[in-house]
Amino acid sequence: MPTPLVVLIAANGQPELLRRTLQSFTTCAKPAGYCGVVVIENGPRAGLENVVASFSTDHQFRYLYSAAANKSRALNLALQMHADALALFTDSDIQIPPETLLAYSRAASGRQDRKSTRLNSGHRT
């Protein structure tokens, strides 16, 4: 079973940068477990909902709003809805390479194949 993967972007203002970022996600290859990109606008509204809505629903971009200008609170709001997914946090001012989502999905799938791993000691148990 593929690992569910969701991308979370906490954003505050700068709609044109967000548009560029989302545009870069449209060129990404989507893994089988792809659940979409969630943009959580936090703080004063700056038109980010319209930016998200301007893209085709095929890309599975969604919009949430948190009135508090607090990135951590915004991300936690989205995490509550995607507790079983691998969450990839990113910023609203990046451009993502086309193979990035596949690479994260492959890495997560490889992790599930292992029974147990001690991250701090570097050996399996």
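**Core first.** I started with the nonpolar packing in this predicted model. The largest nonpolar core has 20 residues, and I noted Ile9, Leu22, Phe25 and Val37 as those with the most contacts inside it. Next I checked which elements feed this core: β1, α1 (15-26), β2, α2 (48-53) and β3 each give two or more residues. The top contributor is β1, with 4 residues. Apart from this core I found another one, of 10 residues. Val6, Val38, Leu64 and Leu75 are among its members.

**Ile9.** I pulled the contact list for isoleucine 9, skipping residues up to four places away in sequence. On the α1 stretch I got Leu18, Thr21, Leu22 and Phe25. Val37, Val38, Val39 and Ile40 are also touched by isoleucine 9, and so are Thr90, Asp91 and Ser92.

**Overall layout.** I stepped back to look at the whole chain. There are 4 helices and 4 strands, and from the N terminus on they run β-α-β-α-β-α-β-α. Of the 125 residues in the protein, 39% are buried. I also looked at contact range: among contacts with a separation of 6 or more, 76% join residues 24 or more positions apart.

**Helix α3.** Which residues of α3 (71-81) are buried? I get Ala74, Leu75 and Ala78. They span an arc of only 95 degrees around the axis, so they sit on the same side of α3. Leu75 turned up earlier, as a member of the core of 10 residues. What covers the buried residues of α3 includes four strands that I wrote down: β1 (5-11), β2 (34-42), β3 (61-66) and β4 (86-90). On the face turned away from the buried side I find the exposed residues Ser72, Arg73 and Gln80.

I then looked at the N-terminal end of α3, which is capped by asparagine 70. One of its side-chain oxygens lies 3.1 Å from the backbone nitrogen of serine 72.

Asparagine 76 is in α3 too. I have it as partly exposed, with a relative accessible area of 42%. Its C-alpha is 9.9 Å from that of isoleucine 40, and the two residues are 36 apart along the chain.

**Aromatics.** How many aromatic pairs are there? The count comes to 1. The pair is phenylalanine 55 with phenylalanine 61, edge-to-face, with 5.3 Å centre to centre and 70 degrees between the planes. I checked burial for both rings' residues: phenylalanine 55 has 13% relative accessibility, so it counts as buried, and phenylalanine 61 is buried as well, at 11%.

**Thr26.** What else touches these two? I came to threonine 26, in helix α1, which touches Phe55, His59 and Phe61 once residues up to four places away are left out. Is threonine 26 buried or exposed? At 19% relative accessibility threonine 26 counts as buried, because the cut-off for buried is under 20%. I also logged a polar contact here: the threonine 26 side chain reaches the backbone oxygen of glutamine 23 at 2.5 Å.

**Charges over rings.** I noted two cases. The charged end of arginine 45 sits over the ring of tyrosine 65, 3.7 Å from its centre. Lysine 30 has its charged end over the ring of tyrosine 34, 5.6 Å from the ring centre.

**Strand β4.** I finished with two residues here. Threonine 90 is in β4 and is buried, at 17% relative accessibility. Leaving aside neighbours within four places in sequence, I list Val7, Leu8, Ile9, Ala10 and Phe25 as its contacts. Two of these names, Ile9 and Phe25, were already in my notes on the largest nonpolar core.

Alanine 87 is in β4 as well. Its contacts, with residues up to four places away not counted, are Val6, Leu8 and Leu79. I also took a C-alpha distance here: alanine 87 and cysteine 35 are 9.8 Å apart in space and 52 residues apart in sequence.

Definitions and conventions
Residues numbered from 1 in each chain as written. Predicted model: local features only at pLDDT ≥ 70, side-chain atom pairs only at ≥ 80, totals over all residues. Heavy atoms only, no water. Buried < 20%, exposed > 50% of the residue type's maximum accessible area, 1.4 Å probe, protein only. Arc of directions from axis to C-beta. Contact = heavy atoms within 4.5 Å. Polar contact = N/O pair within 3.5 Å; in protein donor to acceptor, adjacent residues only side chain to side chain. Phe/Tyr/Trp six-rings, centres within 6.5 Å; stacked < 30°, edge-to-face > 60°. Lys NZ or Arg CZ within 6 Å of the ring centre and 35° of its normal. Core = buried A, V, L, I, M, F, W, Y, C linked by side-chain atoms within 4.5 Å.
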